[in-house]
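Reader: I keep hearing about charged side chains pairing up in proteins. Could you show me how to read that in a structure?

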Amino acid sequence: MPTGALSLMDLEPAYKMESIRAVQDIQHEFWPLDEIDPENAKFPCCLVWTPLPVVSWLAPFIGHVGICTEDGSAVAFSGSNFINVDDFVLGSVAKYLQLDRKQCCFLRNLAGHTCKHGYKHSEFGSATTWDDAIQSSVRHFEHKSYNLFTCNSYSFLANCLNRLCFGGSMDWNMINVGVLLLFKGHWVDNISILRSFSPFILVVCFGIFMVGWPFLVALLSFSLLLLAWFVFGTYCLKNLFDS
């Protein structure tokens, strides 16, 4: 064989490597998402929120949350050993926030990460696609007991975002997930705003009418205590809170 010539056996490994890279590029090329369609309850790659009966009447900043698949179906941890799929069981979506998949870390191969948390991300549980991360979180939560104070729908959402390493962070928890939706979420329509706050306003008015201003003080104290518990538990009792 002439010097410098390559045999078919020499070319084969290189060809295989190029084929693998091509397949990986195709797999990680994001397919266009459908438009957000509130009428049909489709919110592709969105975080979604709805008021939580009774609890939201007293503390309107707390609700029931979920995450939507790439086809727009909502997935939420709604009770002990119970994951809701394509049915936001506690009411229609009132607020949503669509996330950019480009801000997630999807594993291109067994050793490759686009985030700075390579080993930690792999140990926690990385994902190859958006829907793969959701399915992993579903498997993690489908046998867990629901607890409003320690393991709830916000915990499930935080777990999903940590698997996605969204925004380059693996520190998602109930507090920053709630803040993200509270300040960056978009209301579906004016009816959603009314549906979210009218019970709270009615409770406040009725309480002041029946008890007077001490009721307002008691309600504010309840909200502050609830918020303080979640902040303290999230950052000081990490082993007790699941995310």
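Author: Let's walk through the charged pairs here, then take a quick look at the aromatic rings. Keep in mind that this is a predicted model.

Reader: Okay, what's the general idea?

Author: Side chains of opposite charge can pair when their charged atoms come close. In this model, the count comes to two salt bridges.

Reader: Which residue does Lys42 form a salt bridge with?

Author: Its partner is Asp86, and the closest N and O atoms are 3.5 Å apart. This pair links distant parts of the chain: Lys42 sits in the loop between helix H1 and strand S1, while Asp86 is in the loop between strand S4 and strand S5, 44 residues apart.

Reader: Are those two buried or exposed?

Author: In between! Lys42 counts as partly exposed, at 24% relative accessibility, and Asp86 also counts as partly exposed, at 44%.

Reader: And what about Arg101 and Glu70?

Author: Their side chains meet in a salt bridge, at 2.9 Å from N to O. Arg101 lies in the loop between S5 and helix H3, and Glu70 in the loop between strand S2 and strand S3, so the pair ties together parts that are 31 residues apart in sequence.

Reader: Why is Arg101 called buried?

Author: Because its relative accessible area is 9%, and buried means under 20%. Glu70, at 24% relative accessibility, counts as partly exposed.

Reader: Now the rings: how many aromatic pairs are there?

Author: The count comes to seven aromatic pairs. You can also look for one aromatic cluster, formed by Phe77, Phe141, Tyr146 and Phe156.

How values were computed:
Residues are numbered from 1 along each chain as its sequence is written. This is a predicted model: local features need pLDDT of at least 70, side-chain atom pairs count only at pLDDT 80 or more; totals for chains, interfaces and linings use all residues. Side-chain values use heavy atoms; hydrogens and water are left out. A salt bridge is a side-chain nitrogen of Lys or Arg within 4 Å of a carboxyl oxygen of Asp or Glu. Helices (H or I, at least four residues) and strands (E, at least two) are DSSP runs, numbered from the N terminus. Buried means under 20% relative accessible area, exposed over 50%, partly exposed in between (1.4 Å probe, protein chains only). Rings of Phe, Tyr and Trp (its six-membered ring) pair if their centres lie within 6.5 Å; planes under 30 degrees apart count as stacked, over 60 as edge-to-face and the rest as tilted.
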